[in-house]
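Student: Can we go through the charged side-chain pairs in this one?
Tutor: Yes, here it is.

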Amino acid sequence: MKVKLSKKDALIVVDMQLDFMPGGALPVPEGDKIVPRLNEYIKLFSSLGLPVFFTRDWHPPDHISFKEQGGIWPPHCVQNTPGAMFHPDLYIPSDNRFIISKAFSRDFDAYSGFQGTALDSLLKERGIKRVFVGGVATDYCVKNTVLGALNLGYQAFLLIDGIKGVDVQPGDSERALQEMLSEGTVAVELSELHSTA
Ligand code: VGL
Ligand code: ZN
């Protein structure tokens with residue numbers, strides 16, 4: 001399927017931070033392998049003047065999602081620590097790009113980039129109707145960001161060649177994919193996107 005990009009489209013790159021990469025505190029297997037492909041998406045959207053949104057997990061040191069506080073995760077993506085930084089090879093355009101921090105309060109977790117952030121209003125202000133979502137983890141923050149977008153009335157495209165899952169239970173990423181598709185998400189790959197020209 002060919003998808004023609006227009007002024008009403010935006011790219012959302014989810015949580016491409018060092019703690020989610022191999023060697024990090026909460027590694028997504030092969031999370032680093034999608035950086036080159038995501039960079040191609042970022043350059044495509046950017047070259048067309050379309051906004052690019054980078055979400056990041058941005059926890060305080062005593063966040064409720066951490067095991068010490070009774071949560072399920074090892075400490076990860078603590079604000080202003082090296083593990084919370086984006087992968088150094090991730091291409092961040094110099095303009096028309098936005099960093100969306102989420103889950104930054106001690107007592108609230110957020111897997112969706114829309115939860116407790118300005119993402120929806122930033123998209124609406126720009127007349128965005130369709131979002132293209134890639135990043136990590138397929139079975140957590142990607143899934144919840146995609147479902148959040150659908151709930152808010154956006155059309156959601158999943159970048160099938162630009163996602164990786166954590167699979168705490170085997171098959172979690174595959175189940176997340178099926179759930180996103182059954183809710184109306186459209187799976188696309190880079191070669192299917194084209195511009196007006
Ligand atoms: C995520 C687990 C905990 C994610 C964030 O970005 O998918 N997963 N916090
Ligand atoms: Zn987290």
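What follows is a chat about salt bridges in this predicted model.

Student: How many salt bridges are there by the rule used here?
Tutor: The count comes to twelve.

Student: Which side chain does Asp 9 pair with?
Tutor: Asp 9 meets Arg 130 in a salt bridge, at 2.7 Å from N to O. The two sit in distant parts of the chain, with Asp 9 in strand β2 (residues 9-14) and Arg 130 in strand β5 (residues 130-136), 121 residues apart.

Student: Is Asp 9 buried or exposed?
Tutor: Buried, at 0% relative accessibility. Arg 130 is buried too, with a relative accessible area of 17%, because the cut-off for buried is under 20%.

Student: Next, what does Arg 37 bind to in a salt bridge?
Tutor: Asp 161, with 2.5 Å from N to O. Asp 161 is in strand β6 (residues 155-164) and Arg 37 is in helix α1 (residues 35-47), so this pair ties together parts 124 residues apart in sequence.

Student: And how accessible is Arg 37?
Tutor: Arg 37 is at 29% relative accessibility, which means partly exposed.

Student: Switching to helix α4, where do Asp 172 and Arg 175 lie in it?
Tutor: They are three residues apart, about one turn of the helix, which covers residues 172-182. Their closest N and O atoms are 2.9 Å apart, in a salt bridge. Asp 172 counts as buried at 15% relative accessibility, whereas Arg 175 counts as partly exposed at 48%.

Student: Which residues are linked in a network?
Tutor: Asp 15, Asp 57 and Lys 102 are linked by salt bridges in a network.

Notes: Residues numbered from 1 in each chain as written. Chains lettered and ligands numbered in written order. Predicted model: local features only at pLDDT ≥ 70, side-chain atom pairs only at ≥ 80, totals over all residues. Heavy atoms only, no water. Salt bridge = Lys/Arg side-chain N within 4 Å of Asp/Glu carboxyl O. Helix = DSSP H or I, 4+ residues; strand = E, 2+ residues; numbered from the N terminus. Buried < 20%, exposed > 50% of the residue type's maximum accessible area, 1.4 Å probe, protein only.
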